[in-house]
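Trainee: Got a minute to go through this model with me? I'd like to work through it piece by piece.

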Amino acid sequence: MYKSIIRKTAFLLIFATVLSCIPSCKGNGGSLSEDESGVQTEVNASGEVSQTESGNFIIAKDGTIRVSIVIGSDASSKEKAAARDLKAYLEKITGDTVKIIKDDSIAEGQKYILVGKSLLTEELGIVKPAGYPGIEEVTVKQTGNYLVLIGNDDGNYNGTQFAVNMYLESLGCGWFGEGELWEVVPSLKDIDATGTDIYHTPRFSSRITRVYDGGYDIASRWYLGGDKSITGHWLYQIAPASMYEDHPEWYAYTKGSRNPAGYDYFQFCYSNDEFADYVAEKLIEYFNEHPDLVSMTIAANDGWDEHFCECEKCQSLGNVSDCMVYFANNVARRLAEVYPDRSLQIYSYHMTYEPPENDVPLEPNVEIMFCCETSMTKPLAEDYYKSGYDSITRNTYTCSWRENLEKWLEKTGSANISVWEWYCLSAGRSEWQYVPWVQGNVATRNQDLWEELGVKYIFYDQGPAEGYLEDESSIALRWPLWYVASRAMWGTDMTGEELLKDACCKLFGSAADAMFEYYQKLAYASESCESYSITWVPPTVKQMYEDYEDEIDIIIAKIRAAMEGCSETEKQRIESQLYYWDKTKELLDK
């Protein structure tokens with residue numbers, strides 16, 4: 001499942017059961033017994049069940065947990081939280097209890113799960129990964145009497161928690177939305193971790209969505225985060241129009257004036273060196289106040305093609321993208337004097353979508369974020385584009401998105417690139433507020449291309465966000481879109497459809513196959529849609545689904561029939577999904 005090094009084929013021998021977990025037997029003595037697997041166990045005076053045979057690593061047998069969780073005496077808050085999380089889920093899975101103890105309280109020869117750095121990991125020669133920004137490493141490894149779950153927790157990283165996530169997922173756990181309804185926890189009597197050996201680093205160093213920015217619990221389960229980056233438009237916040245009277249020369253000369261008063265969108269004179277110095281000062285201040293921040297936007301203000309500077313100096317530099325390269329380099333050189341390991345972003349977007357006219361290398365700490373100013377439904381690798389002028393973006397297109405990116409890199413020599421992808425389709429057409437959209441393999445194929453191009457950071461612009469007509473309840477609608485993109489950013493060998501198939505098997509019981517067929521058909525309808533879309537403006541609902549309504553209705557009937565064998569929780573999940581198809585049909589049948 002993960003793009004990681006799995007050193008043994010014997011990964012996890014887990015025996016699921018639908019029976020209730022058998023309570024552990026507690027005794028007062030220290031008698032030995034041998035179970036069916038040949039592992040000797042001891043019930044010690046404190047009531048803990050231990051293992052004395054070194055060949056296997058059995059976490060639970062017949063509903064009894066046989067290990068304790070160990071943390072370091074000086075464990076960090078992140079390590080303590082990860083240990084508590086592992087304890088809670090092992091107890092949910094088995095029905096038994098498990099202790100968390102410190103590394104100075106262990107018994108010789110016993111078996112333990114080691115969470116984070118401890119004296120025991122040091123004795124094993126397992127070094128806790130460190131460094132921020134750095135490599136967000138995660139290790140899940142069984143060695144001798146120990147199962148080690150450890151990762152880089154420096155700065156914004158949550159490697160130890162992610163190690164716990166990866167292990168729990170391997171047991172069959174899954175998290176697909178907020179709350180218990182969308183949480184899957186298997187019931188297991190037996191858990192064997194013998195041979196577990198995973199080393200993982202993420203596919204992309206920064207993985208940001210509004211699920212992450214909004215602080216939702218699911219963000220950690222979807223491995224969001226990494227290098228902390230801030231996207232968007234920031235310049236107007238540090239130099240608002242109200243500063244014009246003091247610094248008129250900072251503002252764009254347009255229509256015979258530099259005064260931005262009265263404009264919904266305004267721009268700056270990006271060739272003004274004093275303004276660049278001011279931005280660098282504010283940027284340094286911001287990095288001082290936010291030490292975990294790795295990358296910060298200095299993109300041009302929003303506003304399509306409106307009010308860019310027409311002064312003589314700006315005009316002499318070339319097109320608007322040339323002006324932004326000049327500005328970014330000025331700011332970057334000043335920033336590098338104080339923060340050489342931090343970067344700033346400019347965007348290939350709207351007026352700066354096209355590459356510069358001149359060959360001017362970008363400073364090494366400048367990052368180009370390529371906004372997906374292209375079809376929302378077609379895979380980027382197909383190089384699809386609509387030639388000519390576009391009234392939404394107000395750009396004229398002469399090549400595909402990928403070809404435009406490659407031209408930018410040729411002109412600037414930049415090695416630091418990132419992507420802004422729009423998943424906020426309700427912002428473009430409000431009729432999509434309660435209508436499902438699934439990309440399936442298109443999402444993972446796009447990420448494959450981005451990785452191939454050297455992209456390091458991805459921002460998915462999506463809900464929950466009030467302006468996008470999506471709130472927390474929308475996660476139940478959008479999880480097949482948002483979950484796949486998030487999980488794939490962390491790194492997986494699975495395609496988008498395979499991720500959905502795995503999720504369906506965990507979520508929907510006897511209706512899993514039919515539910516997967518439903519999502520698969522939605523994804524096929526999206527990729528096959530020939531109707532126009534761009535940026536955050538999707539095709540209409542009818543354009544996307546009208547030709548597939550009858551086929552999807554047949555699949556819905558299969559789901560209804562398969563639901564007979566589902567649990568009440570599984571039925572509740574399915575009904576929530578079918579509700580959104582009913583809302584879709586209301587639009588299709590108008």
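Trainee: Where does Gln 142 sit?

Mentor: A word on the ground rules: this is a predicted model, where local features need pLDDT of at least 70, side-chain atom pairs count only at pLDDT 80 or more, and totals for chains, interfaces and linings use all residues. Residues are numbered from 1 along each chain as its sequence is written, and side-chain values use heavy atoms, with hydrogens and water left out. Strands here are DSSP runs of E, at least two residues, and helices are runs of H or I, at least four residues, numbered from the N terminus. On that basis, Gln 142 belongs to strand 11 (residues 138-143).

Trainee: Is Gln 142 buried or exposed?

Mentor: Buried means under 20% relative accessible area, exposed means over 50%, and partly exposed is in between (1.4 Å probe, protein chains only). Gln 142 has 13% relative accessibility, so Gln 142 counts as buried.

Trainee: Which backbone oxygen does the side chain of Gln 142 reach?

Mentor: We're after a polar contact, a pair of N or O atoms within 3.5 Å; within protein, one must be able to donate a hydrogen and the other to accept it, and residues adjacent in sequence count only if both atoms are side-chain atoms. At 2.9 Å, the side chain of Gln 142 reaches the backbone oxygen of Gly 144.

Trainee: Now the open sheet: what is the order of its 8 strands?

Mentor: Two strands pair if DSSP finds at least two bridges between them. The pairing in this sheet is mixed. Reading across, the order is 18-17-26-25-22-21-20-19.

Trainee: Why is one side of strand 18 and of strand 19 left without a neighbour in the sheet?

Mentor: Strand 18 (225-226) and strand 19 (228-230) each have a single partner strand, so one side of each has no neighbour in the sheet, as both stand at the edges.

Trainee: Which strands does helix 7 touch?

Mentor: Contact means heavy atoms within 4.5 Å. Helix 7 (residues 273-289) packs on the sheet. The strands it touches are strand 19, strand 20 and strand 21.

Trainee: And Glu 354, which residues does Glu 354 touch?

Mentor: Glu 354 lies in the loop between strand 21 and strand 22. At 39% relative accessibility, Glu 354 counts as partly exposed. Not counting residues up to four places away in sequence, Glu 354 touches Ser 321, Thr 396, Asn 404 and Trp 408.

Technical notes
Axes fitted to C-alpha atoms, helices over the stretch in contact; angles between N-to-C directions.
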